[in-house]
Amino acid sequence: YNDEIMVTGGLSNGVYTKDTVIVNLKTFEYVDGPPMTTAHGAHAATIYIKNKEKFVVVAGGTNSDGILASVEMLRVCNSNKNILTGESWMEISQLNVARSGLALEIVGDKLVAVLGTTDQGGGDTNKFEEYDPVQNAWSFGDEVAVKDRTIFSYVTVSDFLRN
């Protein structure tokens, strides 16, 4: 799958979309993926592995209804054509704080949402939340010791980078 990416949501002709597209970066061919349950823009996405099952997770963002707290997962599987496909998106517990422009990543074995804009007026948060799949609930962690910010980029600093 190193040659494929999944594009989730965004704006299409000025309208927020639920659409997903899987793009092969070698051939530049694409296939439509299953639509999300909620249209998302300015959201975060990551890969999450739970009990050896692989999921694409989309969280937060914005759409015509405003800033979102919604989170949804897509179980990932193979098709006969070796193209990344999935089943259908399923909603999981919402974030405690609706936010767009957030980071969503795996830290250890936990799914973590951090930073972001909390309202249309530009209010920011430095709170992070972690997901408990057993309880299907998000809980607050400590505040992140960085200045409140949005419109940022991030990279996971793992043991790979430290060695």
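# A tour by selection

Start by selecting Lys110 and Glu130: lysine 110 forms a salt bridge with glutamate 130, and the closest N and O atoms are 3.6 Å apart. This pair links distant parts of the chain, with lysine 110 in strand S14 and glutamate 130 in strand S15, 20 residues apart. Color by accessibility and you'll find lysine 110 partly exposed at 37%. Glutamate 130 is partly exposed too, with a relative accessible area of 23%.

Before going on, a word about what you have open. This is a predicted model, and the chain averages a pLDDT of 81, with 77% of the residues scoring at least 70. Show the cartoon and you should see 1 helix and 16 strands. Buried residues make up 39% of the 163 in the chain. Turn on the surface: the accessible area comes to about 9700 Å², and 50% of that belongs to carbon and sulfur atoms. As for contacts with a separation of 6 or more, 42% of them are between residues 24 or more positions apart.

**Next stop: Glu129 and Arg99**

Move one residue back along S15 and add Arg99 to the selection. The side chains of glutamate 129 and arginine 99 meet in a salt bridge, 2.9 Å from N to O. Glutamate 129 sits in strand S15 and arginine 99 in the loop between S12 and S13, so the pair ties together parts 30 residues apart in sequence. Are these two side chains on show or tucked away, buried or exposed? Glutamate 129 counts as buried, because its relative accessibility is 0%. Arginine 99 is also at 0%, so it counts as buried as well.

**Ala98 in the S12-S13 loop**

Now pick Ala98. Alanine 98 lies in the loop between strand S12 (90-92) and strand S13 (103-107), and it is partly exposed, with a relative accessible area of 23%. Which residues does it contact once its neighbours within four places in sequence are left aside? Show Ile67, Leu68, Ala69, Thr117 and Thr118, and you have them. For a distance label, try the C-alpha atoms of alanine 98 and glycine 116: they are 8.9 Å apart, with these positions 18 residues apart along the chain.

**Leu115 and Asn136: check the phi angles**

From Gly116, step back to Leu115. This residue is in the loop between strand S14 (110-114) and strand S15 (127-132). Leucine 115 has a positive phi of about 60 degrees, although it is not a glycine. With a relative accessible area of 8%, leucine 115 is buried.

Now jump to Asn136, found in the loop between S15 and strand S16 (137-143). What is the phi of asparagine 136? It is positive, about 50 degrees, and again the residue is not a glycine. Asparagine 136 counts as partly exposed, at 36% relative accessibility.

**Asn63: follow the side chain**

Select Asn63 and show its side chain as sticks. Asparagine 63 is in strand S8 (residues 62-63), and at 8% relative accessibility it counts as buried. Look for two polar partners on the backbone. One is the oxygen of alanine 39, which lies 2.9 Å from a polar atom of the asparagine 63 side chain. The other is the backbone nitrogen of aspartate 65, which lies 2.7 Å from a polar atom of that side chain. Expand the selection past four places in sequence and asparagine 63 touches Tyr16, Thr38, Ala39 and Leu68. Leu68 may ring a bell: it is also among the residues in contact with alanine 98.

**The S4-S5 loop: Lys26 and Leu25**

The structure holds 4 salt bridges, and one of them is here. Lysine 26 forms a salt bridge with aspartate 3, with the closest N and O atoms 3.6 Å apart. Lysine 26 is in the loop between S4 and S5 and aspartate 3 in the segment before strand S1 (4-8), so select both ends: they are 23 residues apart. Lysine 26 is exposed at 63% relative accessible area, whereas aspartate 3 is partly exposed at 31%.

Slide back to Leu25, in the loop between strand S4 (20-24) and strand S5 (30-33). Leucine 25 is partly exposed, with a relative accessible area of 41%. Now add Ile5, Val7 and Phe28: together with Leu25 they make a nonpolar surface patch of about 370 Å².

**Last stop: residues 159-163**

Finish by coloring on pLDDT and selecting residues 159-163. Confidence stays under 50 over this stretch, and the model has 2 contacts for it beyond four places in sequence.

Notes:
Residues numbered from 1 in each chain as written. Predicted model: local features only at pLDDT ≥ 70, side-chain atom pairs only at ≥ 80, totals over all residues. Heavy atoms only, no water. Patch = residues over 30% accessible without salt bridge, like charges linked within 9 Å, V, L, I, M, F, W, Y side chains within 5 Å. Areas by Shrake-Rupley, 256 points an atom, 1.4 Å probe, with all protein chains shown as cover. Helix = DSSP H or I, 4+ residues; strand = E, 2+ residues; numbered from the N terminus. Buried < 20%, exposed > 50% of the residue type's maximum accessible area, 1.4 Å probe, protein only. Contact = heavy atoms within 4.5 Å. pLDDT = per-residue confidence, 0-100. Polar contact = N/O pair within 3.5 Å; in protein donor to acceptor, adjacent residues only side chain to side chain.
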